[in-house]
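Notebook open, coffee poured. I want to go through this one slowly and write down what I look up as I go.

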Amino acid sequence: MAARRSTLSDEERARLLDRIGDLEQRMKLLEARVRREAAETRSRGRIEVGRPVARVVRTPKAERRCPGCTLELPKGPKGVQCVWCGFRFDAAELFKPKRRR
């Protein structure tokens, strides 16, 4: 495949180079502004440099649930049966897998 030749005139090329020069100047000014704002923010003490802080994520404790209706059981001692559906908790013991020694 042959390389494409540019069909820009000298006038168009000069205009594009001027635009590129203007964009580069604007980028330099913006970078300087961002550096200045960051330095002012750091000097005010709002940002600590070099000390990233990890947030601690706490998972909530799993609530006790009835195996029959899967509703949360009320706090306090567990009774013989579920207060919501009447499921007998001793029945769940029959279906638990037994440990082998």
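**A charge over a ring**

I started with Lys-78 and found its charged end sitting over the ring of Phe-89, 4.8 Å from the ring centre. I should jot down right away that this is a predicted model. Is Phe-89 buried or exposed? I looked it up: Phe-89 is buried, with a relative accessible area of 8%.

**Aromatic pairs**

Next I searched the whole structure for aromatic pairs, and one turned up. The partners are Phe-87 and Phe-89, and their arrangement is edge-to-face. I noted 6.4 Å from centre to centre and 65° between the planes. That angle counts as edge-to-face because the cut-off is over 60 degrees. So Phe-89 shows up here as well as under the charged end of Lys-78. Phe-87 is partly exposed, at 26% relative accessible area, while its partner Phe-89 is buried.

**Cysteines**

How many disulfides are there? I counted zero. As a reminder to myself, a disulfide is a covalent bond between the sulfur atoms of two cysteines. I checked Cys-69, and the closest cysteine sulfur belongs to Cys-85, 3.8 Å away, which is too far for a bond. The cut-off I needed for that step is 2.5 Å. Then I tried Cys-82, which is in no disulfide either: its nearest cysteine sulfur, in Cys-66, is 3.7 Å away. I also looked up how covered these two are. Cys-69 is partly exposed, with 23% relative accessible area, whereas Cys-82 is buried at 3%.

**Salt bridges**

Side chains of opposite charge can pair when their charged atoms come close. I went looking for such pairs and got three salt bridges.

I took Lys-75 and Glu-63 to begin with; their closest N and O atoms are 3.8 Å apart. Both residues lie in the loop between helix H1 (10–43) and helix H2 (89–94), so this pair ties together parts that are twelve residues apart in sequence. Lys-75 is exposed, with a relative accessible area of 75%, but Glu-63 is partly exposed at 38%.

Then I looked at Glu-72, which forms a salt bridge with Arg-65, with 3.5 Å between the closest N and O atoms. Glu-72 is partly exposed at 40% relative accessible area, and Arg-65 counts as partly exposed too, at 47%.

Arg-88 and Asp-90 make another salt bridge, where N to O comes to 3.2 Å. What about their exposure? Arg-88 is partly exposed at 41% relative accessibility, and Asp-90 is partly exposed at 42%.

**A nonpolar patch**

Which residues form a nonpolar patch on the surface? I wrote down Leu-71, Val-83 and Trp-84, which together have about 330 Å² of accessible area. I picked Trp-84 for a closer look. Trp-84 lies in the loop between H1 and H2, and counts as exposed at 54% relative accessibility. The line for calling a residue exposed is over 50%, so Trp-84 makes it.

**One odd backbone angle**

My last stop was Thr-70, where phi is near 60°. I flagged Thr-70 because that is a positive value in a residue other than glycine. Where does Thr-70 lie? I found Thr-70 in the loop between H1 and H2, where I also have Trp-84 in my notes.

Key. Residues numbered from 1 in each chain as written. Predicted model: local features only at pLDDT ≥ 70, side-chain atom pairs only at ≥ 80, totals over all residues. Heavy atoms only, no water. Salt bridge = Lys/Arg side-chain N within 4 Å of Asp/Glu carboxyl O. Helix = DSSP H or I, 4+ residues; strand = E, 2+ residues; numbered from the N terminus. Buried < 20%, exposed > 50% of the residue type's maximum accessible area, 1.4 Å probe, protein only. Patch = residues over 30% accessible without salt bridge, like charges linked within 9 Å, V, L, I, M, F, W, Y side chains within 5 Å. Areas by Shrake-Rupley, 256 points an atom, 1.4 Å probe, with all protein chains shown as cover. Phe/Tyr/Trp six-rings, centres within 6.5 Å; stacked < 30°, edge-to-face > 60°. Lys NZ or Arg CZ within 6 Å of the ring centre and 35° of its normal.
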